[in-house]
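Fresh notebook page. I want to see where the ligand sits and what lines the open spaces, so here is what I looked up.

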Amino acid sequence: MPESLIKRRGLMLVLSSPSGAGKSTIARALLEREDELYLSISLTSRPPRPGEEEGRDYFFVTEEEYQQKVKDNELLEHACVFSNYYGTPRTLVERHLSAGEDVLFDIDWQGTQQLRESARDDVISIFILPPSYNELEKRLTGRGQDSEDVVNKRMAKAADEMSHWPEYDYVIVNDVIEESIQNVQAILKAERLRRMRRLGLGDFVNSIRSKG
Ligand code: 5GP
C-alpha cells in the first residue's frame with residue numbers, strides 16, 4: 001500500500017514570528033506546494049490594509065462581533081495583538097482535522113500557547129526569526145503600508161515577541177527564503193510520519209502479518 005494512503009490524524013502547523021520576518025511568504029509557498037494543508041483564516045477587529053480581502057486574508061469584524069464570538073466559544077484561541085483583537089474560528093479547523101487534513105496557522109505566541117494547552121499532541125509550532133536586526137528593520141520599513149510610528153512600535157514589539165522563541169518546537173532563521181520554505185516542508189513531512197498520528201498503521205501491519 002502506498003505510504004500516503006495509510007489513514008492519519010491531521011496536525012496543526014503553527015507559524016509565529018515578529019512582523020517582517022517573512023512568515024507570510026513562507027506560509028503562501030507552503031500552501032501552494034503542499035496538498036492536504038489548509039490555512040486557518042483568522043478574524044480580526046483591525047481594519048483591512050490595502051490589498052487585503054475579506055475571507056482570504058482575514059474575516060474583518062467589529063470589536064462587538066469579536067467579543068460575542070469569544071462569549072459563544074466560537075474561537076479556538078484568541079488574543080489581543082498590537083491593540084487589535086484576533087481569533088481563530090473553531091468550526092473549519094475541526095472539520096479539516098477530522099478529515100485527516102493539516103491546518104496552517106499564522107498566529108502569535110499567545111494563540112500558540114492556547115492551542116498547545118487545548119491540543120498538545122496535535123500542535124507543531126515553528127518560530128521564524130529574521131537574520132539580523134538591520135534586516136528586520138529594512139523589511140518592516142520596506143513594506144511601506146504602515147506609518148513610521150507603527151513601524152517603530154513594531155520594532156519594539158518584535159523584541160518582545162522574539163523572547164518567546166524557546167516555547168516553540170522548531171526555530172528557523174529566515175535568511176534565504178527558499179531554504180526556509182524547504183525546512184518547514186521537511187518538518188511537516190517528518191511530523192506527518194509520526195507513528196502516533198498514523199491511525200491506519202495498526203490495520204496495515206495486521207494486513208501484512210497474515211493473509212487477509
Ligand atoms: P497583522 O495585523 O500584521 O496581520 O498580524 C499581527 C499579528 O497577529 C501577527 O503576529 C499574526 O501572527 C497575529 N495573528 C493573526 N491572526 C491571529 C489569530 O487568529 N490569533 C492570534 N493569537 N494571533 C493572530
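Which atom of the ligand is 2.7 Å from an N or O atom in the side chain of Glu-77? I checked, and it is a nitrogen atom. Note to self: this is a predicted model.

**Entry 1: contacts with the ligand.** I went on to the oxygen atoms. Asp-106 puts a polar side-chain atom 2.7 Å from an oxygen atom of the ligand. For Arg-49, I found a polar side-chain atom 3.0 Å from a ligand oxygen. Then I looked up how covered the ligand is: on its own it exposes 510 Å², and the protein buries 93% of that.

**Entry 2: the shell.** I counted 16 residues surrounding the ligand. Ser-42, Arg-46, Tyr-58, Tyr-86 and Asp-106 are the closest of them. Sorted by class, the shell has seven charged, five nonpolar and four polar residues. I also asked which strands take part: β5 (75-81) and β6 (84-89) each give at least two residues to this shell.

**Entry 3: the largest pocket.** Where does the ligand sit among the pockets? The space it takes is the largest pocket. I noted a volume of about 1200 Å³ for that pocket. Its lining has 39 residues, and those closest to the centre are Ser-24, Arg-49, Glu-52, Tyr-58 and Asp-106. I recognised Asp-106 and Tyr-58 from the list of residues closest to the ligand, and Arg-49 from the contact with a ligand oxygen.

Next I looked at the elements behind this lining. At least two residues each come from α1 (23-33), β5, β6 and α6 (148-162). The biggest share belongs to α1, which gives six residues. By class, I wrote down 15 charged, 14 nonpolar and ten polar residues for the largest pocket.

**Entry 4: the second largest pocket.** I turned to the runner-up, with a volume of about 420 Å³. It is lined by 17 residues, and Glu-3, Ser-4, Arg-8, Glu-36 and Arg-192 are the closest to its centre. How many residues of this lining are charged? I got ten, beside four nonpolar and three polar ones.

Methods. Residues numbered from 1 in each chain as written. Predicted model: local features only at pLDDT ≥ 70, side-chain atom pairs only at ≥ 80, totals over all residues. Heavy atoms only, no water. Near = heavy atom within 4 Å. Polar contact = N/O pair within 3.5 Å; in protein donor to acceptor, adjacent residues only side chain to side chain. Areas by Shrake-Rupley, 256 points an atom, 1.4 Å probe, with all protein chains shown as cover. 1 Å grid on protein atoms, 1.4 Å probe; cavity = no way out; pocket = protein on both sides within 12 Å on 5 of 7 lines; lining within 4 Å. Sits in = over half its atoms within 2 Å of the grid points. Helix = DSSP H or I, 4+ residues; strand = E, 2+ residues; numbered from the N terminus. Nonpolar A, V, L, I, M, F, W, Y, C, P; charged D, E, K, R; others polar. Points joined across faces, edges and corners; volume = space filled by probe spheres on them.
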